[in-house]
Amino acid sequence: MSGRFAPRPPVTPVTARGGHVPVPRPQVRDLAPAPDLELDLGLTLGPLRRGPSDPTFRATADGSVWRASRTPAGAGTLRVRIHGGAVAAEAWGPGGPWLLDGLPALLGAEDDPAAFVPRHKLLAVTHRARRGLRLTRTGLVMESLIPSILEQKVTTHEAYGSWRLLVRKYGEPAPGPAPDGMYAMPDARTWAMIPSWEWHRANVDGKRSAAIVRAARVAHRMEEAALMAPAEARRRLELIPGIGPWTSAETIQRSNGAPDEVTTGDLHLPGIVGWALAGDRAADDAAMLELLAPYEGQRHRAARLILLSGRVPPRRAPRLAPNDITAL
């Protein structure tokens, strides 16, 4: 049995960015068993969830994935599941038609997994075990940019809490019969008008809140990046003070479905890649990029597969303590 299945990765803040959201199998008895459809909703859409209590994302017991989004047409709710060997989707709200039009790209129709050629045994095994992985393309920049800014230089626990609080307070209840507690994120004007003390109450420091406000004020220019080539899109985002290579890569990976945009400047990723491919837990960005060089064109996919493999260096120090500024 051990040779037939890849080990399940431990649930940690780092491997969470590998994007694996457990999606329960349908519990309805009258659904016909689906044939082997090579699309895993949890793997494909998992990177869009910002923590287990993300108000914009929900995986339910019937096998559905729900998303509440702020589209160019307004708020919309999308429900997608695999039913009878095919993808079944429904949408509600002003943004519903826009979400349905973008569904193929969201589920990886523009991705080409066959372009990835494993050069390491670990990646060959993980790639084979995760055949349903597709790189999503949302076509929405701000919905990935804002939470990525919130994740700058803080623990994921802190960032997820800030995102959850701000979306619930300033967002819009998800249209349609969405699960309780789902919200679409605020529009750009609302983000730009959040008072400084509310950012403070949400545990967001001045540098991160200022970067979000600056981006929100030119949101239409940010959204244009979804139609650009990844390198050009990143340059567009990085024109905003407070948005650097780490943030732009984390955004464009999701909004543009960019298979080669590997994240640099991350505290943990170079060590994980170095450990998985060369036994070097002290690898820096330069060493990581050198190890990923054989996968040029698919380096982001290679990094995701490494995260999904569960092969991470053993912890040698306590987890970073969260920083709470709300009492200051």
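**Exercise 1. Does serine 64 count as buried or exposed, and what is its relative accessibility?** Locate the residue in this predicted model and describe its surroundings.

*Solution.*
Step 1. Serine 64 lies in the loop that runs between strand 1 and strand 2.
Step 2. The cut-off for a buried residue is under 20% relative accessible area. Serine 64 has a relative accessibility of 0%, and therefore it counts as buried.
Step 3. Apart from neighbours within four places in sequence, the residues in contact with serine 64 are Arg58, Ala59, Arg79, Val80 and Arg81.
Step 4. Histidine 83 is 19 residues away from serine 64 along the chain, and their C-alpha atoms are 9.6 Å apart.

**Exercise 2. Describe how strand 2 pairs with strand 1 and with strand 3.**

*Solution.*
Step 1. Begin with strand 1, residues 57-59, which pairs with strand 2 in the antiparallel sense over 3 bridges. One bridge partner can be named: phenylalanine 57 is matched with arginine 67 of strand 2.
Step 2. Consider the connection. Strand 1 and strand 2 make a hairpin with 5 residues between them, and glycine 63 in its turn has a positive phi of about 90°.
Step 3. Turn to strand 3, residues 74-83. Its pairing with strand 2 is also antiparallel, and 7 bridges support it. Here tryptophan 66 has arginine 79 of strand 3 as its bridge partner.
Step 4. Between strand 2 and strand 3 there is again a hairpin, with 2 residues as the link.

**Exercise 3. Determine which residues point each way from strand 2, and state why the strand is described as largely enclosed.**

*Solution.*
Step 1. Sort the residues by direction. One group consists of Val65, Arg67, Ser69 and Thr71, while Trp66, Ala68 and Arg70 point the other way.
Step 2. Check burial. Both groups are buried.
Step 3. Draw the conclusion. Because 7 of the 7 residues of strand 2 are buried, the strand is largely enclosed by the rest of the structure.

**Exercise 4. Characterise the second largest pocket by its volume and its lining.**

*Solution.*
Step 1. The volume of the second largest pocket is about 300 Å³.
Step 2. Its lining comprises 18 residues, and those nearest the centre are Arg70, Thr71, Pro72, Leu140 and Glu223.
Step 3. Strand 2 (65-71), helix 8 (188-193) and helix 11 (219-223) are the elements that each contribute two or more residues to this lining.
Step 4. Sorted by class, the lining of the second largest pocket holds 11 nonpolar, 5 charged and 2 polar residues.

**Exercise 5. How many residues of helix 6 and of helix 16 are buried?**

*Solution.*
Step 1. Helix 6 covers residues 142-150, and 9 of its 9 residues are buried, so the helix is largely enclosed by the rest of the structure. Among them are Met142, Glu143, Pro147 and Leu150.
Step 2. For helix 16, residues 299-309, the count is 10 of 11, so this helix too is largely enclosed by the rest of the structure. Its buried residues include His300, Arg301, Leu305 and Ser309.
Step 3. Just after helix 16 comes glycine 310, whose phi is positive, at about 80°.

**Exercise 6. Summarise the protein as a whole.**

*Solution.*
Step 1. The secondary structure consists of 16 helices and 6 strands.
Step 2. The protein has 328 residues, and 49% of them count as buried.
Step 3. The exposed area is about 15600 Å², of which carbon and sulfur atoms supply 54%.
Step 4. Of the contacts between residues at least 6 apart in sequence, 67% join residues at least 24 apart.

Technical notes. Residues are numbered from 1 along each chain as its sequence is written. This is a predicted model: local features need pLDDT of at least 70, side-chain atom pairs count only at pLDDT 80 or more; totals for chains, interfaces and linings use all residues. Side-chain values use heavy atoms; hydrogens and water are left out. On a 1 Å grid over the protein atoms alone, a cavity is a set of points where a 1.4 Å probe fits but cannot get out, and a pocket is an open set with protein on both sides within 12 Å along at least five of seven lines; lining residues have an atom within 4 Å of a point. Grid points are joined across faces, edges and corners, and a volume is the space filled by probe spheres set on the points. Helices (H or I, at least four residues) and strands (E, at least two) are DSSP runs, numbered from the N terminus. Ala, Val, Leu, Ile, Met, Phe, Trp, Tyr, Cys and Pro count as nonpolar, Asp, Glu, Lys and Arg as charged, and the others, Gly among them, as polar. Buried means under 20% relative accessible area, exposed over 50%, partly exposed in between (1.4 Å probe, protein chains only). Two strands pair if DSSP finds at least two bridges between them. Contact means heavy atoms within 4.5 Å. Accessible areas come from the Shrake-Rupley method with a 1.4 Å probe; for residues, only the protein chains shown count as cover.
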